[in-house]
Amino acid sequence: MRRSLVLLLAAGALVAGCSSPKNGTASSGPSFTTGADSSSASSGSSGSAPKVSNPLKTSAIESDACSALSAAKRTELGLGEGERGTTSVGQGCTLFAADDRLNQIDISPVLANKNGLSDVYDTKANNEYFEPTEVGGYPAVYAASLDARNKGKCGLFVGVTDQLAVNILVQYDNGPGASDPCPVALKVGEAMIETLKEG
């Protein structure tokens, strides 16, 4: 039951920055489809997000989201080895706290989104919170369609290139992260940036 809820929430977080509006009207934002339809999403972006001045090499995380954090970084953050899975927009990785599997982090490169963070910016009206920030010198934004930060859930999108954003979704039930999850997402994002720079 919890796993189904987790997958639903993870999909919700991804859709948060990239979905049709809440009121059901047609969206000018990107649609997560494949093939010919993805080009229409690509051409619809306004490029409103800050540019990524030093794009990172992303081939590793595009094929294996669990490679977003090195073994050393996982240990540093108190996380176990990741479990590969799929989300509504492609493959992802779920990492559990080594001492509590009720605390988890989902990392998902938003591969169907071809305009990186700009597509997330273009659909910010769909979100209950949208807070631009930086992660390790890279543009990012805290965003989700439902604001459950006081319940241990925080969504963070990080622009690693101008064409690719990575979604980090924290879902903590216990410990300090349960009442303040966004600093956890920030630490994971910083560790991801460091891992990608090394690789």
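**Close-up views of a predicted model**

The structure holds one aromatic pair, and it makes a good starting point for this tour of a predicted model.

**View 1. Tyrosine 121 and phenylalanine 130 meet edge-to-face.** The ring centres of tyrosine 121 and phenylalanine 130 are 5.1 Å apart, with 85° between the planes. Are these two residues buried or exposed? Both tyrosine 121 and phenylalanine 130 are buried. Phenylalanine 130 also has a bridge partner in strand S5, alanine 143, which leads us to the hairpin in the next view.

**View 2. Strands S4 and S5 form a hairpin with two residues between the strands.** S4 and S5 (residues 138–144) pair in the antiparallel sense, and seven bridges join them. Besides the match of phenylalanine 130 with alanine 143, look for glutamate 134, which stands opposite proline 139 in S5. Which residue of this hairpin takes a positive phi? Glycine 136 does, with a value near 55°.

**View 3. Seven strands make up an open sheet.** Reading across the sheet, the strand order is S1-S2-S3-S7-S6-S5-S4, and the pairing is antiparallel. The edges belong to strand S1 (83–87) and strand S4 (129–135), each of which pairs on one side only. From one strand to the next, the twist averages 25°. As a reminder for tracing side chains here, those of a regular strand alternate between the two faces of the sheet.

**View 4. Helix H6 lies across five strands of the model, S3, S4, S5, S6 and S7.** In residue numbers, strand S3 covers 100–109, strand S6 covers 153–159 and strand S7 covers 165–172. H6 runs at about 140° to S7. How far apart are the end C-alpha atoms of H6? They are 24 Å apart, which agrees with the 24 Å that the 17 residues of H6 (residues 182–198) should span at 1.5 Å a residue. The buried residues of H6 include Val184, Ala185, Val188, Met192, Ile193 and Leu196. Cys182, Gly189, Ala191 and Thr195 are also among the buried residues of this helix.

**View 5. Lys73, Glu76 and Glu194 are linked in a network of salt bridges.** Within this network, the side chains of lysine 73 and glutamate 76 meet at 3.8 Å, N to O. Both residues lie in helix H4 (residues 71–77), three residues apart, about one turn of the helix. An α-helix has 3.6 residues a turn, so residues three or four places apart point the same way. Why does lysine 73 count as buried? Its relative accessibility is 11%, and buried means under 20%. Glutamate 76, in contrast, is exposed, with a relative accessible area of 61%.

**View 6. Glutamate 83 and arginine 101 form a salt bridge.** The N to O distance between these side chains is 3.2 Å. Glutamate 83 lies in strand S1 and arginine 101 in strand S3, so the pair ties together parts that are 18 residues apart in sequence. Glutamate 83 counts as partly exposed, at 34% relative accessibility.

**View 7. Arginine 149 forms a salt bridge with aspartate 147.** Here the closest N and O atoms are 2.8 Å apart. Aspartate 147 is partly exposed, with a relative accessible area of 32%. How many salt bridges does the structure hold? The count is six, and the pair of arginine 149 and aspartate 147 is one of them.

Conventions. Residues are numbered from 1 along each chain as its sequence is written. This is a predicted model: local features need pLDDT of at least 70, side-chain atom pairs count only at pLDDT 80 or more; totals for chains, interfaces and linings use all residues. Side-chain values use heavy atoms; hydrogens and water are left out. Helices (H or I, at least four residues) and strands (E, at least two) are DSSP runs, numbered from the N terminus. The expected span of a helix is 1.5 Å times one less than its number of residues. Buried means under 20% relative accessible area, exposed over 50%, partly exposed in between (1.4 Å probe, protein chains only). Two strands pair if DSSP finds at least two bridges between them. Axes are lines fitted to C-alpha atoms, for helices over the stretch in contact, and angles run from 0 to 180 degrees between N-to-C directions. Contact means heavy atoms within 4.5 Å. A salt bridge is a side-chain nitrogen of Lys or Arg within 4 Å of a carboxyl oxygen of Asp or Glu. Rings of Phe, Tyr and Trp (its six-membered ring) pair if their centres lie within 6.5 Å; planes under 30 degrees apart count as stacked, over 60 as edge-to-face and the rest as tilted.
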